[in-house]
Each structure stands twice: as C-alpha cells, then as structure tokens.
Amino acid sequence: SLKYNPKLVGNAQSLRKNMTDEEKELWYKFLKLLPMTVNRQKNIGNYIVDFFISSKNIVIEIDGRQHYTAKNKAADAKRDAELASLGLKVLRYSNNAIRYDFRIVCESILRHIGMTWDDLKK
C-alpha cells in the first residue's frame, strides 16, 4: 500500500468535490465505466493525483494551462519522477485533449491498461 501525507486528506476531499469540467467529463463519461477501481484525487506520498488505477499502477493527470509554464513543467517532471520511483506510470493529458480529442485520450488510457473498447462492452 502506498504511503500518503495525512495533511493532504482534506485538500484531496475538497478537490474531489470541485473537479474541473475536464476531470468531470473524463470521470463520468469514461473512467467510472472501467471494470476496475479508479480513485479520484488520490493522495500518494506528498501529492494528490487526479486519477489513480491502483491495479495497473497508473496515475492520470489532466493538465490545465498553468502546467505549461517553465516552473510548473519542472515541478511536474519532479513529481512524475517521484511517482515513477514508486512504480507508477503517469499519463498526462491536456484540458484541450479532453475537450477536442476525447476518444483519443480514452483509447490511450485503454492501451495503457491493456483493454479495448470491445472489452468495455462485455
């Protein structure tokens, strides 16, 4: 089981209640339908990740514009490296990818968890 910072629990709960439109879309139209547990705003180490599929060791991050500054890119790289050191694979998708290429994002996630659209219909 992954360690987490108990000081972040309240923040994680707040983020679950206040998901972005893009997080809501991915959650309600896709992730919630997967035949495995997907956690929202999961506290891992000193981070809160947007979505976590523990059975596949996959973290899914939805990045808004603020992630594309030099400072935040560096912070994201450090965070991804720390999560990778725990054996987790971090998948990042932009808000625009969710908005305009939703099916492509879903297909990418399916590939990473070893599933296809047909598997979801069973």
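On the other side of helix H2 from its buried residues, Asp21 and Lys29 are exposed. The model described here is a predicted one, and this briefing starts from helix H2, then turns to the cores and to a few single residues.

**Helix H2 and its two sides**

- The buried residues of H2 are Glu22, Glu23, Leu26 and Trp27, and they lie on the same side of the helix because they cover an arc of only 130° around the axis.
- The cover over these buried residues of H2 includes strand S1 (39–44), together with S2, S3, H4 and H5.

**How H2 meets H5**

- In general, a pair of packed helices is described by the angle between the two axes and by the distance between them.
- For H2 and H5, the axes come within 12 Å and cross at roughly 60°, and the two helices are therefore oblique to each other.
- The crossing in which H2 passes H5 is right-handed, and the contact is made by Glu25, Leu26 and Lys29 on the H2 side and by Phe102, Val105, Cys106 and Ile109 on the H5 side.

**The nonpolar cores**

- As a general tendency in soluble globular proteins, nonpolar side chains are buried together.
- The largest nonpolar core has 24 residues, and those that touch the most other members are Leu26, Phe30, Leu31, Leu34, Phe51, Ile60 and Ile109.
- At least two residues of this core are supplied by each of helix H2 (21–29), strand S2 (47–53), strand S3 (58–63), strand S4 (89–94), helix H4 (95–100) and helix H5 (102–113), with H5 giving the largest share, six residues.
- A second core, separate from this one, has eight residues, among them Ile44, Tyr47, Val59 and Leu83.
- Phenylalanine 30, when its neighbours within four places in sequence are left aside, is in contact with Glu25, Phe102, Cys106, Ile109, Leu110, Trp117 and Leu120.

**Two buried residues at strand S1 and before helix H1**

- Glutamine 41 is found in strand S1, and this residue counts as buried because its relative accessible area is 2%, where buried means under 20%.
- Apart from neighbours within four places in sequence, glutamine 41 is in contact with Ala12, Leu15, Arg16, Met19, Glu23, Ile48, Val49 and Asp50, and Glu23 is also one of the buried residues of H2.
- Leucine 8 has its place in the segment before helix H1 (9–17), and leucine 8 is buried as well, with a relative accessible area of 18%.
- Although leucine 8 and asparagine 46 are 38 residues apart in sequence, they are 7.6 Å apart in space, C-alpha to C-alpha.
- Not counting residues up to four places away in sequence, leucine 8 touches Asn43, Gly45, Asn46, Tyr47 and Ile48, and of these Tyr47 is included in the second core.

**Two residues of helix H3**

- Arginine 79 lies in helix H3 and is buried, with a relative accessible area of 13%.
- The residues that arginine 79 touches, not counting those up to four places away in sequence, are Tyr47, Ile48, Val49, Glu61 and Arg92.
- Serine 85 lies in helix H3 (residues 70–85), and this residue counts as exposed because its relative accessible area is 59%, where exposed means over 50%.
- Serine 85 and leucine 110 are 25 residues apart along the chain, and their C-alpha atoms are separated by 23 Å.

Note on methods. Residues are numbered from 1 along each chain as its sequence is written. This is a predicted model: local features need pLDDT of at least 70, side-chain atom pairs count only at pLDDT 80 or more; totals for chains, interfaces and linings use all residues. Side-chain values use heavy atoms; hydrogens and water are left out. A nonpolar core is a set of buried Ala, Val, Leu, Ile, Met, Phe, Trp, Tyr and Cys residues joined through side-chain atoms within 4.5 Å. Buried means under 20% relative accessible area, exposed over 50%, partly exposed in between (1.4 Å probe, protein chains only). Helices (H or I, at least four residues) and strands (E, at least two) are DSSP runs, numbered from the N terminus. Contact means heavy atoms within 4.5 Å. The arc is that of the directions from the helix axis to the C-beta atoms. Axes are lines fitted to C-alpha atoms, for helices over the stretch in contact, and angles run from 0 to 180 degrees between N-to-C directions. Angles under 35 degrees count as roughly parallel, over 145 as roughly antiparallel, 65 to 115 as roughly perpendicular and the rest as oblique. A crossing is left-handed if the near helix is turned anticlockwise from the far one by less than a right angle, and right-handed if clockwise.
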